[in-house]
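Could you walk me through this model in the viewer, telling me what to select at each stop and what is there?

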Amino acid sequence: MHSGDLPVALQPTESLAIFDKYTSQLFLWNLAFEKFMVSKSKDLSSREVQGAALLKIHLTTVKIMASVRPDMSDMRTMSKALNADTFLEYIDDFQIVINLSKPLIVAAEQDAKNGKPPLTFRNDFGLIGPLYYVCINCQTVSIKTTAMELLLRCPRREGMWDSVLVAQMIQQYWDLEARHKEAQEMGEEVEVDEFGFPVPFTDHGSVHFEFFGRPAEINTTIVSPLAPS
């Protein structure tokens with residue numbers, strides 16, 4: 001949709017038009033979904049209610065993604081314009097993702113206790129992607145810590161997403177982020193932008209490149225469920 005190396009103001013107009021189109025469609029889909037749930041929720045089975053909760057989780061995640069678009073006159077690159085402070089106003093949305101994910105995890109655990117085969121693989125998106133998004137972007141430690149705990153409670157694969165692998169990747173991202181913050185607080189030399197302000201933390205994809213494509217056999221004991229303080 002966009003290039004992270006180009007200033008926001010210089011992003012291709014075609015990309016912006018596509019973004020606006022799908023943002024509008026997302027809004028209309030949400031209206032239809034809410035109307036459906038008001039009129040039909042009492043008739044849904046427990047399995048269908050779980051499916052509706054998963055749809056709401058993905059809707060909320062995508063809504064955040066659509067809402068954090070920077071001002072189109074911004075001359076910073078996309079990667080610099082979208083920094084940690086951008087997500088501060090979406091705490092309630094991140095909490096919705098957590099609140100809706102918890103009963104889905106509990107249901108999966110209950111199925112396992114009842115002898116139903118565990119759902120360890122699915123080829124479509126489930127909970128891993130949204131919980132990953134919360135862990136990387138939410139600035140409230142308690143919320144992203146809970147997201148990590150949920151990832152580790154129910155190991156599974158969803159397409160390219162492996163929950164244990166993703167949890168390890170998130171932990172390394174948190175470690176890098178903490179070291180960056182500590183360097184700033186200690187007055188060490190850090191990268192600054194053209195205005196002299198410290199450049200917000202970004203791992204430039206190094207964690208992602210290291211983890212994606214690794215073998216599937218992961219040591220689950222080295223992942224900590226705790227977010228950095």
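The tour below visits helix pairs and then a cavity.

Before starting, note that this is a predicted model, in which local features need pLDDT of at least 70, side-chain atom pairs count only at pLDDT 80 or more, and totals for chains, interfaces and linings use all residues. Residues are numbered from 1 along each chain as its sequence is written, and side-chain values use heavy atoms, with hydrogens and water left out.

**Stop 1: H1 and H2.** Select residues 13-40 (helix H1) and 46-67 (helix H2). Helices here are DSSP runs (H or I, at least four residues), numbered from the N terminus. Their axes come within 11 Å and cross at roughly 150°; axes are lines fitted to C-alpha atoms over the stretch in contact, with angles from 0 to 180 degrees between N-to-C directions. H1 is therefore roughly antiparallel to H2 (over 145 degrees; under 35 is roughly parallel, 65 to 115 roughly perpendicular, and the rest oblique). Now show the side chains in contact (heavy atoms within 4.5 Å): among them are Phe19, Trp29 and Phe33 of H1 and Leu55, Leu59 and Val62 of H2. By class, this contact has 10 nonpolar, 2 polar and 3 charged residues.

**Stop 2: H4 and H6.** Move to H4 (residues 91-113) and H6 (141-153). The two axes come within 10 Å and cross at roughly 25°, so H4 is roughly parallel to H6. On the H4 side, pick residues including Phe94, Ile98 and Ile105; on the H6 side, Ile143, Ala147 and Leu150 are among the partners. This contact has 8 nonpolar, 3 polar and 3 charged residues.

**Stop 3: H4 and H5.** Keep H4 and add H5 (residues 128-137): their axes come within 10 Å and cross at roughly 140°. That makes H4 oblique to H5. Phe94, Val97, Ile98 and Ser101 in H4 meet a set in H5 made up of Pro130, Leu131, Tyr133, Val134 and Asn137. There are 7 nonpolar, 2 polar and no charged residues in this contact.

**Stop 4: the cavity.** How many cavities of 30 Å³ or more are there? The count comes to 1, and the largest cavity holds about 40 Å³ of space. A cavity is a set of points on a 1 Å grid over the protein atoms alone where a 1.4 Å probe fits but cannot get out, and lining residues have an atom within 4 Å of a point. Select Ile105, Leu127, Ile128, Leu131, Leu150, Leu151, Cys154, Arg156 and Ser163 to see the lining. H5 and H6 each supply at least two of these residues.

Technical notes
Helices (H or I, at least four residues) and strands (E, at least two) are DSSP runs, numbered from the N terminus. Ala, Val, Leu, Ile, Met, Phe, Trp, Tyr, Cys and Pro count as nonpolar, Asp, Glu, Lys and Arg as charged, and the others, Gly among them, as polar. On a 1 Å grid over the protein atoms alone, a cavity is a set of points where a 1.4 Å probe fits but cannot get out, and a pocket is an open set with protein on both sides within 12 Å along at least five of seven lines; lining residues have an atom within 4 Å of a point. Grid points are joined across faces, edges and corners, and a volume is the space filled by probe spheres set on the points.
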